[in-house]
Amino acid sequence: MESIGVLLVAKVIPYLEQELNKRYNLFRIWDYPHISQLSTQHVTSIRAVVGRSNAGADSHLIDALPNLEIISSSSVGVDLIDINKCKEKGIRVTNTPDVLTDEVADLAIGLILTLLRKICESDRYVRSGNWKCGDYKLTTKFSGKTVGIVGLGRIGTAIAKRSEAFNCSICYYSRTQKQESKYKYYPSVVELASNCDILVVACPLTKETHHIINREVINALGPKGFLVNIGRGKHVDEPELVSALLEGRLGGAGLDVFENEPHVPEELFRLENVVLLPHVGTGTVETRTVMADLVLGNLEAHFLGKPLLTPLV
């Protein structure tokens with residue numbers, strides 16, 4: 001398979017890049033700022049694209065690769081892949097579901113605890129020497145709170161189960177009510193936000209969920225409510241979130257994702273009621289390695305004519 005061209009469109013862990021380089025004729029998109037810089041011979045040899053949550057394949061890239069057969073993304077979200085174009089051209093798409101569910105759910109709980117108990121601020125309080133001047137201020141309890149989850153899929157369900165361990169009440173919003181779920185369902189995000197203490201965004205990014213967290217939802221959550229986003233940055237109307245935090249209309253926010261990554265609104269940097277992470281939901285050695293193996297397994301299955309491990313298209 002060394003003659004098969006594979007185009008890597010995102011920075012991935014060294015293990016995955018090394019394995020791709022070992023098994024295929026690997027091209028890295030950062031070596032070719034414009035796809036037109038690839039020679040015709042190289043372009044026609046590329047039969048696979050490998051991406052992740054921050055880089056996929058739009059219609060322009062897909063059209064530029066006439067022999068493209070498969071796009072394998074090291075992520076669960078595929079919002080940066082033109083799925084309709086892939087269906088139209090018969091290009092297969094795979095992602096890495098399930099293997100990252102626990103990792104993202106763990107981080108969501110970590111964000112909640114860090115936000116409510118002000119762990120980052122407490123750490124800085126000790127390091128600065130201020131503890132010698134007096135005890136740190138009181139914080140907010142997590143146990144027993146009502147957690148509202150936007151999107152009760154694999155990750156949303158895992159977050160719900162973890163929250164139950166803290167004796168939290170769970171409610172949710174999704175496109176349709178989950179008949180098998182024991183959790184309380186609300187038919188709109190505004191109603192969900194009005195009836196919970198902590199609102200966690202865990203749904204896929206689609207046209208319908210773009211800015212699903214808007215001014216109305218934020219106001220419904222209110223000055224005693226907390227927003228946690230481990231989904232996608234574009235789920236949240238970021239300027240509205242910033243203004244709500246600055247004006248005290250929202251109690252706080254824990255954010256792993258942002259609307260224009262890696263750019264983060266600088267107004268958030270000085271706020272004590274915000275926890276900011278650099279999109280590390282799946283960022284452990286263990287999980288990224290398993291995700292990499294799934295990407296490699298899907299490519300191998302495709303080129304050997306075997307069933308894909310995690311087919312999306």
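In the predicted model, helix α5 (residues 101–116) and helix α7 (residues 154–164) cross at roughly 50°, and their axes come within 9 Å. Because an angle of this kind falls outside the ranges counted as roughly parallel, roughly antiparallel or roughly perpendicular, α5 is oblique to α7. The crossing of the two helices is right-handed. On the side of α5, the contact is made by T101, D102, V104, A105, D106, A108 and I109; α7 contributes R154, I155, A158, I159, R162 and S163. By character, the residues of this contact comprise seven nonpolar, two polar and four charged.

An open sheet is formed by seven strands, with parallel pairing, in the order β8-β7-β6-β9-β10-β11-β12. Its edges are β8 (184–185) and β12 (274–276), each of which pairs on one side only. Within the sheet, strand β10 (residues 226–229) and strand β11 (residues 252–255) run parallel and are joined by four bridges. One of the residues involved is F226, whose bridge partner in β11 is G252.

Helices also pack on this sheet. Helix α5, described above for its crossing with α7, touches β9 (198–201), β10, β11 and β12, and its direction makes about 150° with that of β10. Helix α10 (residues 238–247) likewise packs on the sheet, where it touches β10, β11 and β12. The direction of α10 makes about 140° with that of β11.

Conventions:
Residues are numbered from 1 along each chain as its sequence is written. This is a predicted model: local features need pLDDT of at least 70, side-chain atom pairs count only at pLDDT 80 or more; totals for chains, interfaces and linings use all residues. Side-chain values use heavy atoms; hydrogens and water are left out. Axes are lines fitted to C-alpha atoms, for helices over the stretch in contact, and angles run from 0 to 180 degrees between N-to-C directions. Angles under 35 degrees count as roughly parallel, over 145 as roughly antiparallel, 65 to 115 as roughly perpendicular and the rest as oblique. A crossing is left-handed if the near helix is turned anticlockwise from the far one by less than a right angle, and right-handed if clockwise. Contact means heavy atoms within 4.5 Å. Ala, Val, Leu, Ile, Met, Phe, Trp, Tyr, Cys and Pro count as nonpolar, Asp, Glu, Lys and Arg as charged, and the others, Gly among them, as polar. Two strands pair if DSSP finds at least two bridges between them.
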